[in-house]
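Here is a friendly walk through one protein model, in questions and answers. Have a look at the sequence and structure first, and then we can start.

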Amino acid sequence: MLDATCVRAHQHAASQKSSADAEALGRRRGGLTTKLHAICDALGNPIRFLLTPGQRHDLSQAASLLKGVKTEAVLADRNHDANWLIAQIARLGADVVIPPKRNRRVQRAYDVNLYADRNNVERLKQYRRVATRCGKTASSYLGMVYVAGIMTLLA
């Protein structure tokens, strides 16, 4: 039989976990972190952003980011090399520009020159408040990400 203090402690831990998820805070080796998932156009202009806790895998938001996007090519890093994602990109009618994982038996070809343009999405990290997540809440951090996105549009 559980006593009331044990139940309250469990409820408190569950509410802290759900609030951490709501604020997109997760544990990684360096402490509390947030992952910023972004999609950009061919010029590097940001289109859509999503936040997740730091321990979530990059693939967790790939499908929702690509939903409703019309594109000729999808550029992503090696973390996004999954059969289901490649199939989804092919259904969109876009070229897959994702380097294959080294452990794939059949290495898929990709456009290395086009892949070099993937760094456009990384340019948001030049803004210190985005790179270090100075915002306490997810909404204030995402607001700063939008401001950085506007700055890249104006630059």
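Q: Which side chain does a polar contact of 3.0 Å join to that of D81?
A: This is a predicted model, in which local features need pLDDT of at least 70, side-chain atom pairs count only at pLDDT 80 or more, and totals for chains, interfaces and linings use all residues. Residues are numbered from 1 along each chain as its sequence is written, and side-chain values use heavy atoms, with hydrogens and water left out. A polar contact is a pair of N or O atoms within 3.5 Å; within protein, one must be able to donate a hydrogen and the other to accept it, and residues adjacent in sequence count only if both atoms are side-chain atoms. The D81 side chain has such a contact with the side chain of R104 at 2.7 Å, and the one of 3.0 Å is with R108.

Q: Is D81 buried or exposed?
A: D81 sits in the loop between β4 and α3, where helices (H or I, at least four residues) and strands (E, at least two) are DSSP runs numbered from the N terminus. Leaving aside neighbours within four places in sequence, D81 has contacts (heavy atoms within 4.5 Å) with I86, I98, P99, P100, K101, R104 and R108. Buried means under 20% relative accessible area, exposed over 50%, and partly exposed in between (1.4 Å probe, protein chains only). D81 has 4% relative accessibility, so D81 counts as buried.

Q: Which residues does N79 touch, not counting residues up to four places away in sequence?
A: N79 also lies in the loop between β4 and α3, and with a relative accessible area of 36% it is partly exposed. Its C-alpha atom is separated by 6.7 Å from that of D58, 21 residues apart along the chain. With residues up to four places away not counted, N79 touches H57, D58 and L59.

Q: Why do the buried residues of α3 line one face of the helix?
A: The buried residues in α3 are L85, I86, Q88 and I89, while N83 and R91 are exposed on the other side. What covers the buried ones includes α2, β4 (73-75) and β5 (95-97). The arc is that of the directions from the helix axis to the C-beta atoms. Seen down the axis of α3, the buried residues line one face because they fall within an arc of 160°.

Q: What phi does G93 take?
A: G93 comes just after α3. Its phi is positive, at about 80°.

Q: Which residues touch the most other members of the largest nonpolar core?
A: A nonpolar core is a set of buried Ala, Val, Leu, Ile, Met, Phe, Trp, Tyr and Cys residues joined through side-chain atoms within 4.5 Å. The largest one has 15 residues, and α2 (62-66) and α3 (83-91) each supply at least two of them. Those that touch the most other members are L66, L85 and I89.

Q: How many residues make up the second, separate core?
A: F49, A138, Y141 and A148 are among its members. The core that includes them is separate from the largest one, and its residues number eight.

Q: Why does the pair of F49 and Y146 tie together parts that are apart in sequence?
A: Rings of Phe, Tyr and Trp (its six-membered ring) pair if their centres lie within 6.5 Å; planes under 30 degrees apart count as stacked, over 60 as edge-to-face and the rest as tilted. F49 and Y146 are edge-to-face, with 5.2 Å centre to centre and 80° between the planes. F49 is buried at 7% relative accessibility, whereas Y146 is partly exposed at 41%. The pair ties together parts 97 residues apart in sequence because F49 lies in strand β3 (residues 46-53) and Y146 in helix α6 (residues 138-154).

Q: With which residues is L142 in contact, leaving aside its neighbours within four places in sequence?
A: L142 belongs to helix α6 and is partly exposed, with a relative accessible area of 21%. The C-alpha atoms of L142 and L51 are separated by 7.7 Å, although these residues are 91 residues apart along the chain. Leaving aside neighbours within four places in sequence, L142 is in contact with F49 and L51.

Q: What pattern does the protein follow along the sequence?
A: The protein has six helices and five strands. Read along the sequence, they give the pattern α-β-β-β-α-β-α-β-α-α-α.
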